[in-house]
Amino acid sequence: MRKLSKSRNVDLPRIDLSSEQKPGQEISVAHQVTVGATPEPQSTSPLGRAGVLGIGGISLDTPDTETVVKRSQTVPTGRSTRFGATPKSVKQSKSDPTKENFRIKVFFCDQTCEDFLIPGGRKIQVQSLLELVARRLSTDAETFMEACSLWLISQNLEVQLKPYHMPWDVYNKWGRLLERFTYTDPTLKQFETPRLVCKRSAGLSLAREREISKSYESIAHILYIDARDEYLNARYIIDSIDDAVDLAALHLAIHKDEDMYMSKDRKGNAKNEPALEWISKHVGSCCPEYRVTKMRSWYLFGFNVLSCIGMHHEVHEAFERWVKEKPRGNHFLKLQYLEILRKTPFYGAAYFDAQIELRSDRASWLLEPRRRFFTSNGDDALDVKVAINRQYITVLDMKNHEVILCQQISDCTWKHMMCVDEVTVASENPEANIPCLLLHFPAKEDLQKIVESKETDENSEVIVPTSCLLQLFTRESDMMVALLDSQHDKNVSDLIKMYEEEQSRLRRKRLEKRQKRDMSRRKPKKLPTEQNSPDSPSTEDGDDPDTGYSSEQVA
């Protein structure tokens with residue numbers, strides 16, 4: 001019978017089992033154990049084992065190199081290891097991943113960040129993380145959590161985290177959130193990673209924001225860079241050109257001493273440059289891209305060939321006016337910047353992607369076949385952004401930078417529903433239902449008529465406003481309904497609070513009047529000597545000095 005090794009032409013070394021332990025010889029036993037780094041969760045981040053959330057968002061601080069542990073033990077001469085003391089086995093240490101040091105980077109809208117190394121950071125909640133940020137910024141934690149919140153933001157989705165959320169858990173579920181709330185291509189889903197950003201809370205009211213921003217400079221700075229980022233990204237649509245000029249001038253006045261706005265020569269030394277040329281060069285970075293052509297003059301090979309075109313002259317005048325307020329500090333200028341943007345009905349709003357249908361009722365019969373050929377049912381779909389803040393819900397056309405609809409939340413009702421797509425049903429697609437949001441609101445013209453009729457004649461006929469219904473096709477309808485309900489509840493609680501404060505003020509006023517009336521009734525009567533004094537007013541004989549009537553009349 002041939003050995004398996006010989007049949008396969010493998011020469012194995014011989015093992016000598018007859019060797020015995022000689023007197024005075026030691027037996028050396030070496031145990032080699034490899035302890036690797038704690039396995040990290042799978043991440044699609046291009047940074048590999050760094051485990052970054054977003055772009056440097058959350059990272060795991062664990063060793064990347066393997067550690068080799070060796071140990072040798074000597075057995076005494078003449079004793080067998082079978083009956084003597086046996087060496088202890090080395091066990092691989094497994095640390096609890098929930099207690100390991102975890103690096104979390106919280107970004108702000110100006111690309112700066114705060115870096116934290118937190119033991120057990122995987123299980124940290126948003127509330128605790130906001131307290132750490134407030135402590136780092138040396139501000140009041142309760143006020144900071146009221147004004148600011150943590151957001152996870154990627155290219156196709158942005159979510160405001162609640163105080164009990166754990167950022168690491170939400171980050172691991174980001175792929176499922178994209179699949180549920182967006183129409184992202186599944187092949188690109190793995191390359192989309194969110195970033196943890198600290199910015200303004202969507203539930204903060206304007207009145208409360210004004211109070212906080214005046215008292216806390218660090219919070220006002222976060223609100224300023226958030227509003228500036230939204231405006232420069234064309235999410236705050238400003239129709240007034242005067243407001244756009246003031247915003248550009250304030251931007252330059254606040255940041256004129258920064259390195260990126262300082263004029264330098266080829267050697268990197270500071271140089272003097274005329275104010276008008278400096279403003280014309282930098283005004284493009286102070287306004288949205290669609291306004292650059294109106295705000296800045298046209299250049300050809302670096303030469304200003306059309307200096308008469310553009311608003312940089314008006315920006316220069318506004319800049320000179322705001323620079324005079326520079327001694328009051330950048331905090332004052334930032335408050336003025338915020339006050340201009342607070343005029344917009346979508347200031348501080350959360351944004352959602354949606355589509356609306358543009359009906360072709362007015363289209364001519366010549367265009368109708370073309371519409372039905374290029375669209376599913378003769379209607380055109382328009383991509384819009386839906387902005388929801390404390391007071392308003394606004395539908396924006398971001399392509400043309402126009403406001404399609406703006407309604408107060410108190411005037412609207414809403415409902416989430418699923419509608420059936422005829423095309424997908426015909427193709428037997430299981431995902432035939434399309435989520436949408438139905439927004440019901442009264443016609444603005446009828447509301448104006450009601451107000452005018454009440455001002456002119458209170459007994460006029462009752463006008464019933466016309467109901468309008470807007471259908472928004474979006475997978476984010478669940479989040480929109482939740483946010484609308486939350487904003488409505490906060491507005492109702494604010495109204496109740498205002499009513500209670502007004503009632504308490506009226507009660508205090510009535511109480512003061514009652515106390516004054518009681519004090520006037522309790523005044524002591526004049527003494528008889530005082531009544532007969534020459535300084536006292538004269539009365540007829542027999543008249544009562546208090547009433548002025550005679551005793552007979554009193555009887």
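Is Asp246 buried or exposed, and what is its relative accessible area? In this predicted model, Asp246 is buried, with a relative accessible area of 17%. Asp246 forms a salt bridge with Arg321, in which the closest N and O atoms are 2.9 Å apart. The two residues belong to distant parts of the chain, with Arg321 in helix α12 (residues 312-323) and Asp246 in helix α9, a separation of 75 residues. Arg321, by contrast, counts as partly exposed, at 42% relative accessibility.

Helix α9 (residues 241-255) also provides nine residues of the largest nonpolar core, the largest share of that core. The core holds 101 residues, of which Val106, Leu129, Phe144, Tyr231, Val315, Leu341 and Ile388 touch the most other members. The surroundings of Leu129 illustrate this packing. When residues up to four places away in sequence are not counted, Leu129 touches Ile104, Val106, Phe116, Ile118, Ile124, Leu150, Pro167 and Leu196. In soluble globular proteins, nonpolar side chains tend to be buried together.

Tyr231, another of the core residues listed above, is among the buried residues of α8. This helix comprises 16 residues (residues 217-232), which at 1.5 Å a residue should span 22 Å; the end C-alpha atoms are 22 Å apart, in agreement with that expectation. The buried residues of α8 include nonpolar ones such as Ile219, Ile222, Leu223 and Ile225, but also Asp226, Arg228 and Glu230. After the helix comes Ala234, which has a positive phi near 65°.

Glu230 of α8 is engaged by Lys199, the two side chains being joined by a polar contact of 3.0 Å. Lys199 is situated in strand β8 (residues 195-200) and is buried, with a relative accessible area of 6%. Apart from neighbours within four places in sequence, Lys199 is in contact with Cys109, Cys148, Ser149, Trp151, Ile153, Ile222, Asp226 and Glu230. Lys199, Asp226 and Glu230 are also linked with Glu158 and Arg235 in a network of salt bridges.

Within this network, Glu158 and Arg235 form a salt bridge whose closest N and O atoms are 3.3 Å apart. The pair connects distant parts of the chain: Glu158 is in strand β7 (residues 158-160), whereas Arg235 is in the loop between α8 and α9, 77 residues apart. Both partners are buried, Glu158 with a relative accessible area of 16% and Arg235 with one of 14%. In the whole structure, 21 salt bridges are found. Side chains of opposite charge can pair when their charged atoms come close.

A further salt bridge is formed by the side chains of Lys385 and Asp353, at 2.7 Å from N to O. Lys385 lies in strand β12 (residues 380-388) and Asp353 in strand β11 (residues 350-358), so this pair ties together parts that are 32 residues apart in sequence. Lys385 is partly exposed, with a relative accessible area of 22%, and Asp353 is likewise partly exposed, at 33%.

Beyond these strands, β13 (residues 392-397) and β14 (residues 402-408) pair in the antiparallel sense over six bridges. Val395 has Leu405 of β14 as its bridge partner. Four residues lie between the strands of this hairpin, in which His401 takes a positive phi near 60°.

Methods
Residues are numbered from 1 along each chain as its sequence is written. This is a predicted model: local features need pLDDT of at least 70, side-chain atom pairs count only at pLDDT 80 or more; totals for chains, interfaces and linings use all residues. Side-chain values use heavy atoms; hydrogens and water are left out. The expected span of a helix is 1.5 Å times one less than its number of residues. Buried means under 20% relative accessible area, exposed over 50%, partly exposed in between (1.4 Å probe, protein chains only). Two strands pair if DSSP finds at least two bridges between them. A nonpolar core is a set of buried Ala, Val, Leu, Ile, Met, Phe, Trp, Tyr and Cys residues joined through side-chain atoms within 4.5 Å. Contact means heavy atoms within 4.5 Å. A polar contact is a pair of N or O atoms within 3.5 Å; within protein, one must be able to donate a hydrogen and the other to accept it, and residues adjacent in sequence count only if both atoms are side-chain atoms. A salt bridge is a side-chain nitrogen of Lys or Arg within 4 Å of a carboxyl oxygen of Asp or Glu.
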